[in-house]
Amino acid sequence: MGDWFHIINLAGVAVCAISGTLMAYQKRMDGFGVVVLASVTAIGGGTLRDMVLDLPVFWVQNTDYLYITLLAAFVTIMWLRLSPRFPYHYLLIADAFGLALFNVVGLEKALIVDAPMSVAIAMGTITGVFGGLLRDVICREVPLVLNGELYAITCIVGGLGYAIAYYAGLSSQICMVIALVITILMRLGAMRWHWQLPVFHSDPPKS
Amino acid sequence: MGDWFHIINLAGVAVCAISGTLMAYQKRMDGFGVVVLASVTAIGGGTLRDMVLDLPVFWVQNTDYLYITLLAAFVTIMWLRLSPRFPYHYLLIADAFGLALFNVVGLEKALIVDAPMSVAIAMGTITGVFGGLLRDVICREVPLVLNGELYAITCIVGGLGYAIAYYAGLSSQICMVIALVITILMRLGAMRWHWQLPVFHSDPPKS
Amino acid sequence: MGDWFHIINLAGVAVCAISGTLMAYQKRMDGFGVVVLASVTAIGGGTLRDMVLDLPVFWVQNTDYLYITLLAAFVTIMWLRLSPRFPYHYLLIADAFGLALFNVVGLEKALIVDAPMSVAIAMGTITGVFGGLLRDVICREVPLVLNGELYAITCIVGGLGYAIAYYAGLSSQICMVIALVITILMRLGAMRWHWQLPVFHSDPPKS
């Protein structure tokens with residue numbers, strides 16, 4: 001696993017730590033809540049991925065990830081003190097970038113241990129989605145992953161793009177860029193134009 | 001692990017994917033929420049079981065489980081479009097069958113790796129209960145497991161039935177059928193007659 | 001790992017099972033909810049720790065922990081039937097002791113497998129915090145860990161105390177006592193005097 005991979009993973013952790021800190025701000029938490037929420041969002045998805053793949057957990061192997069989490073939270077707090085009008089919109093954008101970066105990390109890590117492509121796509125999705133899901137569940141928000149715009153599906157489509165590029169024989173770096181660009185553009189597009197996929201054409205009966 | 005085991009596990013996954021899809025319908029989610037909720041409900045419990053037992057996670061080893069989850073969700077969506085009066089009752093029944101099937105799978109898998117019987121019973125209960133618990137927590141519902149009818153305890157009693165049959169020297173298949181029947185009958189009975197076990201005879205003081 | 005370690009771990013499990021049972025009482029659950037909630041609170045944190053460290057899960061290796069959980073829940077139920085005025089205050093105190101005991105167990109277990117000190121401190125915090133977090137999320141309460149008094153941070157400071165004593169060459173037992181005392185005193189002090197750390201000096205804009 002080369003430098004590319006490490007940089008994308010660090011960037012994903014930093015961006016998700018920022019999104020956790022912004023959620024803590026939204027929820028008027030204090031400094032201690034920030035540490036918990038930033039950590040859960042930043043390392044929750046990768047922790048689950050590594051446990052499912054039975055790999056050493058990434059932040060146990062390399063403590064850089066713990067320090068970057070704390071650093072990103074600290075910088076975000078300083079920023080919010082200087083410029084308190086950091087609105088909800090930035091939380092969504094940070095979340096979208098974290099989703100795409102982590103999707104690529106999960107895909108790559110699964111393929112390195114020779115998992116089948118369908119498992120690799122699931123791992124990308126888990127890595128991308130799970131930290132934010134924990135963040136929302138702990139804060140008792142409706143999880144973004146369920147709120148009616150395409151979200152987890154952007155990881156799956158990004159993963160399919162990766163798979164096509166991979167089977168076409170492109171290098172790992174190109175595959176990663178393709179998956180990254182597909183995921184981030186789809187997610188930003190979904191936020192901008194509220195893409196949805198209604199599948200139920202009727203309301204459920206009252207229970 | 002023979003065909004029996006595999007069939008019961010596939011059936012449990014399919015039934016729990018249906019229960020996740022029905023919950024998504026109840027909550028008026030779109031197609032993307034369905035994929036997430038069906039997957040979490042169908043493979044969440046088994047994933048935790050395999051991680052705790054330090055076994056390879058079942059759907060990483062055999063990708064059939066991912067495909068059956070998507071297939072079950074798809075069929076349920078089609079059914080709901082034809083027949084929208086799929087009421088809440090069916091969610092509870094699907095959940096009860098998933099509980100019993102997964103209980104048996106958890107028991108069996110723990111005993112195969114020579115875990116003590118008390119651990120095996122706990123694994124059956126975790127496999128049966130955890131996916132539905134995640135489903136309810138993510139949807140911000142009061143978890144079925146806590147809602148005042150016997151639920152997790154049906155897995156424990158089914159597990160005790162398995163243990164008695166096992167120590168009596170009966171074959172693995174017979175033990176599985178006994179645990180399955182006990183769990184499903186107890187759970188359906190609890191739903192029908194609202195079996196409860198009040199242990200606190202007084203209300204807590206106001207805090 | 002000697003007797004000390006085992007006793008502290010058993011005490012932590014028992015105290016957290018009590019705190020889960022008290023929460024079930026607060027929420028007017030029945031006997032089945034008590035079993036689930038006591039177990040989740042008592043063994044949830046340690047289960048996550050062992051999975052992250054890729055160690056055998058403690059209660060799979062030693063079933064004493066399952067029995068002490070059930071015993072502690074049973075004794076608490078009996079106590080509440082005799083003396084129903086067990087107020088909310090006791091839940092907080094049980095939770096504080098569980099936090100400190102589990103912090104020490106997590107630190108110790110991580111250091112035994114030669115994890116770096118920063119990982120050990122994170123493991124202490126996870127062990128201390130995660131069971132109670134699950135308890136609160138399942139019960140749809142605002143998690144104590146986020147409610148605005150120092151909580152997770154007491155584990156981190158206790159862990160730093162352990163680290164200083166450890167690098168000063170003190171024996172493992174002395175390090176454990178130091179971390180235990182720091183964590184419990186800080187947490188009780190935070191409850192008594194409502195210590196907080198406001199880091200956001202402005203309110204977030206309306207979204």
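**Helical spans and the nonpolar core of the predicted model**

Residues 6–25 of chain A are 100% helix and 0% strand, with end C-alpha atoms 29 Å apart; helices are DSSP runs of H or I of at least four residues, strands are runs of E of at least two, and both are numbered from the N terminus. The structure is a predicted model, in which local features need pLDDT of at least 70 and side-chain atom pairs count only at pLDDT 80 or more, whereas totals for chains, interfaces and linings use all residues. Residues are numbered from 1 along each chain as its sequence is written, and side-chain values use heavy atoms, without hydrogens and water.

The span 65–82 of chain A is likewise 100% helix and 0% strand, and its end C-alpha atoms lie 26 Å apart.

Helix α8 of chain A (residues 172–193) comprises 22 residues and reaches 31 Å from its first C-alpha to its last, close to the expected 32 Å, where the expected span is 1.5 Å times one less than the number of residues. Buried residues of α8(A) (under 20% relative accessible area, 1.4 Å probe, protein chains only) include C175(A), M176(A), T183(A) and R187(A). H194(A), which follows α8(A), has a positive phi near 55°.

In the largest nonpolar core (buried Ala, Val, Leu, Ile, Met, Phe, Trp, Tyr and Cys residues joined through side-chain atoms within 4.5 Å), W59(A), W59(B) and W59(C) touch the most other members of the 223 residues. Contacts of W59(B) (heavy atoms within 4.5 Å) include V52(A), V119(A) and M123(A), as well as I43(B) and Y65(B), with residues up to four places away in sequence not counted.

Definitions and conventions:
Chains lettered and ligands numbered in written order. Buried < 20%, exposed > 50% of the residue type's maximum accessible area, 1.4 Å probe, protein only.
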